[in-house]
Amino acid sequence: MIEHHDVDDAVTRPDGSDRSRVIAPSADELRELEDRFHACDADGDERIAFSEFERLLEIAGVKLTDEEERRACFSEIDLNRDGEIDFGEFTDWWIRRPS
Ligand SMILES: [Ca+2]
Ligand SMILES: [Ca+2]
């Protein structure tokens, strides 16, 4: 008996598309984040140094009065530990931070 299978055996599986939920900001959000980032980046070197970090916390509405707390928060954001916060680190933190 010959059976006709019209059903696709080869189900196309998108390659690893569903591995994890990546939180990506929308284009609008990204523009807003850019504005915020640049508002903090006083010297315009595309990085937030610790001296500029206070402004960032202000904008984020985070109140850390203690210098030690600020340093801890800063190093938490500074994922690659180069002593400055770049835009990627900033967006990553901004998205994850509790609002
Ligand atoms: Ca800077
Ligand atoms: Ca960094």
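Which residues make up the largest nonpolar core? The legends below take up this question and several others for a predicted model.

**Figure 1. Overall layout of the chain, a predicted model.** The chain contains 4 helices and 2 strands. Read from the N terminus, the order of these elements is α-β-α-α-β-α. Of the 99 residues in the chain, 10% are buried. Counting contacts between residues at least 6 apart in sequence, 40% link residues at least 24 apart.

**Figure 2. The largest nonpolar core of the chain.** This core has 8 residues in all: Phe37, Cys40, Ile48, Phe53, Leu56, Phe74, Ile85 and Phe90. Two or more of these residues come from helix 1 (27-40), and two or more from helix 2 (50-60).

**Figure 3. Surroundings of Phe53, one of the core residues.** The contacts of Phe53 are Ile48, Arg70 and Phe74, once its neighbours within four places in sequence are left aside. Among these partners, Ile48 and Phe74 also belong to the largest nonpolar core.

**Figure 4. Glu46 in the loop between helix 1 and strand 1.** The strand that follows this loop covers residues 47-48. Glu46 is not a glycine, yet its phi is positive, at about 65 degrees. Is Glu46 buried or exposed? Glu46 has 11 other C-beta atoms within 10 Å, and is therefore exposed, the cut-off for this class being 12 or fewer.

**Figure 5. Arg81 in the loop between helix 3 and strand 2.** Helix 3 spans 67-77 and strand 2 spans 85-86, with Arg81 in the loop between them. The phi of Arg81 is positive, at about 55 degrees, although the residue is not a glycine. Arg81 counts as exposed because 7 other C-beta atoms lie within 10 Å, which falls in the range of 12 or fewer.

**Figure 6. Ile95 and its contacts with Ile23 and Pro25.** Ile95 is part of helix 4, residues 87-96. Which residues does Ile95 touch, not counting residues up to four places away in sequence? They are Ile23 and Pro25. Along the chain, Ile95 and Ile23 are 72 residues apart, while their C-alpha atoms are separated by 7.7 Å. With 13 other C-beta atoms within 10 Å, Ile95 is partly exposed. That count places Ile95 between the two classes, because a buried residue needs 20 or more and an exposed one has 12 or fewer.

Definitions and conventions: Residues numbered from 1 in each chain as written. Chains lettered and ligands numbered in written order. Predicted model: local features only at pLDDT ≥ 70, side-chain atom pairs only at ≥ 80, totals over all residues. Core = buried A, V, L, I, M, F, W, Y, C linked by C-beta atoms within 7 Å. Contact = placed C-beta atoms within 7 Å.
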